[in-house]
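Biologist: Please take one part of this model, its interior, and describe it closely, residue by residue where that helps. I would like the packing and the charged groups treated together, in one connected account.

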Amino acid sequence: MSALDWVAGSKTPDKTYITRVFNFGTWKEWQHMKRRYTSRQVRDAVRHPLRGMWTVRGKALAEILYDCRLPKETLISFDA
(Lines give C-alpha, C1' and ligand atoms only; values in the text may rest on other atoms or scores of the structure.)
Protein backbone atom coordinates (compact mmCIF):
# COMPACT_ATOMS: atom_id res chain seq x y z
CA MET A 1 0.00 0.00 0.00
CA SER A 2 1.14 3.52 -0.79
CA ALA A 3 0.71 6.76 1.17
CA LEU A 4 -1.32 8.02 -1.79
CA ASP A 5 -4.00 5.40 -1.11
CA TRP A 6 -5.25 7.59 1.82
CA VAL A 7 -7.68 5.97 4.21
CA ALA A 8 -9.43 3.97 1.47
CA GLY A 9 -6.39 1.70 1.16
CA SER A 10 -6.63 -0.73 -1.71
CA LYS A 11 -10.18 0.49 -2.43
CA THR A 12 -8.88 3.86 -3.67
CA PRO A 13 -10.36 4.32 -7.19
CA ASP A 14 -7.83 3.75 -9.97
CA LYS A 15 -8.17 7.20 -11.55
CA THR A 16 -7.84 8.86 -8.15
CA TYR A 17 -4.64 6.99 -7.35
CA ILE A 18 -3.12 7.66 -10.78
CA THR A 19 -4.01 11.35 -10.55
CA ARG A 20 -2.42 11.58 -7.10
CA VAL A 21 0.79 9.99 -8.42
CA PHE A 22 1.00 12.65 -11.15
CA ASN A 23 0.33 15.38 -8.57
CA PHE A 24 2.35 14.25 -5.56
CA GLY A 25 4.04 10.92 -6.32
CA THR A 26 7.53 9.95 -5.26
CA TRP A 27 9.76 7.79 -7.44
CA LYS A 28 8.69 4.72 -5.43
CA GLU A 29 5.02 5.57 -6.01
CA TRP A 30 5.64 6.00 -9.76
CA GLN A 31 7.25 2.57 -9.83
CA HIS A 32 4.34 1.13 -7.86
CA MET A 33 1.86 2.69 -10.31
CA LYS A 34 3.73 1.15 -13.27
CA ARG A 35 3.47 -2.30 -11.65
CA ARG A 36 -0.14 -1.91 -10.49
CA TYR A 37 -1.74 -0.42 -13.64
CA THR A 38 -1.45 -1.07 -17.36
CA SER A 39 -0.31 1.71 -19.66
CA ARG A 40 -3.87 1.79 -21.01
CA GLN A 41 -5.28 2.49 -17.52
CA VAL A 42 -2.81 5.33 -16.95
CA ARG A 43 -3.46 6.78 -20.41
CA ASP A 44 -7.22 6.61 -19.77
CA ALA A 45 -6.85 8.47 -16.46
CA VAL A 46 -4.92 11.21 -18.28
CA ARG A 47 -7.11 11.42 -21.38
CA HIS A 48 -10.32 11.41 -19.30
CA PRO A 49 -9.20 13.32 -16.20
CA LEU A 50 -11.10 13.81 -12.97
CA ARG A 51 -12.43 17.35 -12.63
CA GLY A 52 -10.92 19.50 -9.93
CA MET A 53 -8.28 16.95 -8.90
CA TRP A 54 -5.13 18.01 -10.77
CA THR A 55 -2.38 20.39 -9.63
CA VAL A 56 -0.78 22.74 -12.14
CA ARG A 57 2.44 20.68 -12.12
CA GLY A 58 0.66 17.32 -12.36
CA LYS A 59 -1.43 18.59 -15.28
CA ALA A 60 1.63 19.96 -17.08
CA LEU A 61 3.53 16.69 -16.61
CA ALA A 62 0.61 14.62 -17.91
CA GLU A 63 0.24 16.90 -20.93
CA ILE A 64 3.92 16.54 -21.79
CA LEU A 65 4.11 12.77 -21.26
CA TYR A 66 0.87 11.99 -23.11
CA ASP A 67 0.94 14.79 -25.71
CA CYS A 68 -2.55 16.02 -24.91
CA ARG A 69 -4.32 19.02 -23.37
CA LEU A 70 -6.29 18.59 -20.17
CA PRO A 71 -9.22 20.98 -19.73
CA LYS A 72 -8.88 23.83 -17.22
CA GLU A 73 -11.72 22.27 -15.22
CA THR A 74 -9.34 19.53 -14.14
CA LEU A 75 -7.33 21.92 -11.96
CA ILE A 76 -7.87 22.07 -8.22
CA SER A 77 -9.72 25.24 -7.33
CA PHE A 78 -10.11 26.75 -3.90
CA ASP A 79 -12.51 29.48 -5.05
CA ALA A 80 -15.88 29.49 -3.38
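Modeller: In this predicted model, the largest nonpolar core holds 14 residues, and those touching the most other members are Ile-18, Phe-22, Met-33 and Val-46. Three elements, α1 (14-24), α2 (27-36) and α3, each give two or more residues to this core, and the largest contribution, 4 residues, comes from α1.

As for the setting, the protein chain has 4 helices and 0 strands, arranged along the sequence as α-α-α-α. Of its 80 residues, 36% are buried, and among contacts with a separation of 6 or more, 38% join residues 24 or more positions apart. The accessible surface of the chain comes to about 5,700 Å², with carbon and sulfur atoms accounting for 56% of that area.

Helix α1 is a good place to begin following the packing. Its buried residues are Thr-16, Tyr-17, Ile-18, Thr-19, Val-21, Phe-22 and Asn-23, a list that includes polar side chains such as Thr-16 and Asn-23 as well as nonpolar ones such as Ile-18 and Phe-22. Together, the buried residues of α1 pack against α2, α3 and α4.

From helix α2, Trp-30 shows how one side chain takes part in this packing. Trp-30 counts as buried because its relative accessibility is 19%, under the 20% limit. Setting aside neighbours within four places in sequence, Trp-30 is in contact with Val-21, Phe-22, Gly-25, Leu-61 and Leu-65. The C-alpha atoms of Trp-30 and Ile-18 are 9.0 Å apart, while the two residues are separated by 12 positions in sequence.

Val-46, one of the core members with the most partners inside the core, can be examined in the same manner. With neighbours within four places in sequence left out, Val-46 is in contact with Phe-22, Trp-54, Ala-62, Tyr-66, Cys-68 and Leu-70. Phe-22 is thus in contact with Val-46 and also with Trp-30.

The loop between α3 (39-47) and α4 (56-66) contains Thr-55. Thr-55 is buried, because its relative accessible area of 18% is under 20%. Beyond residues up to four places away in sequence, Thr-55 touches Asn-23, Phe-24, Leu-75 and Ile-76, and of these Asn-23 is among the buried residues of α1.

The charged groups complete the account. There are 2 salt bridges in the model. One joins the side chains of Lys-59 and Glu-63, at 2.8 Å from N to O, and these two residues lie in helix α4, 4 residues apart, which is about one turn of the helix. The other partner of Glu-63 is Arg-69, whose salt bridge with Glu-63 has its closest N and O atoms 3.1 Å apart. Lys-59, Glu-63 and Arg-69 are therefore linked in a network of salt bridges.

Are these charged residues buried or exposed? Lys-59 counts as buried at 13% relative accessibility, and Glu-63 likewise counts as buried at 11%, whereas Arg-69, at 71%, counts as exposed. The salt bridge between Lys-59 and Glu-63 therefore pairs two buried residues, while the salt bridge between Arg-69 and Glu-63 pairs an exposed residue with a buried one.

Notes. Residues are numbered from 1 along each chain as its sequence is written. This is a predicted model: local features need pLDDT of at least 70, side-chain atom pairs count only at pLDDT 80 or more; totals for chains, interfaces and linings use all residues. Side-chain values use heavy atoms; hydrogens and water are left out. Buried means under 20% relative accessible area, exposed over 50%, partly exposed in between (1.4 Å probe, protein chains only). Contact means heavy atoms within 4.5 Å. A nonpolar core is a set of buried Ala, Val, Leu, Ile, Met, Phe, Trp, Tyr and Cys residues joined through side-chain atoms within 4.5 Å. Accessible areas come from the Shrake-Rupley method with a 1.4 Å probe; for residues, only the protein chains shown count as cover. A salt bridge is a side-chain nitrogen of Lys or Arg within 4 Å of a carboxyl oxygen of Asp or Glu.
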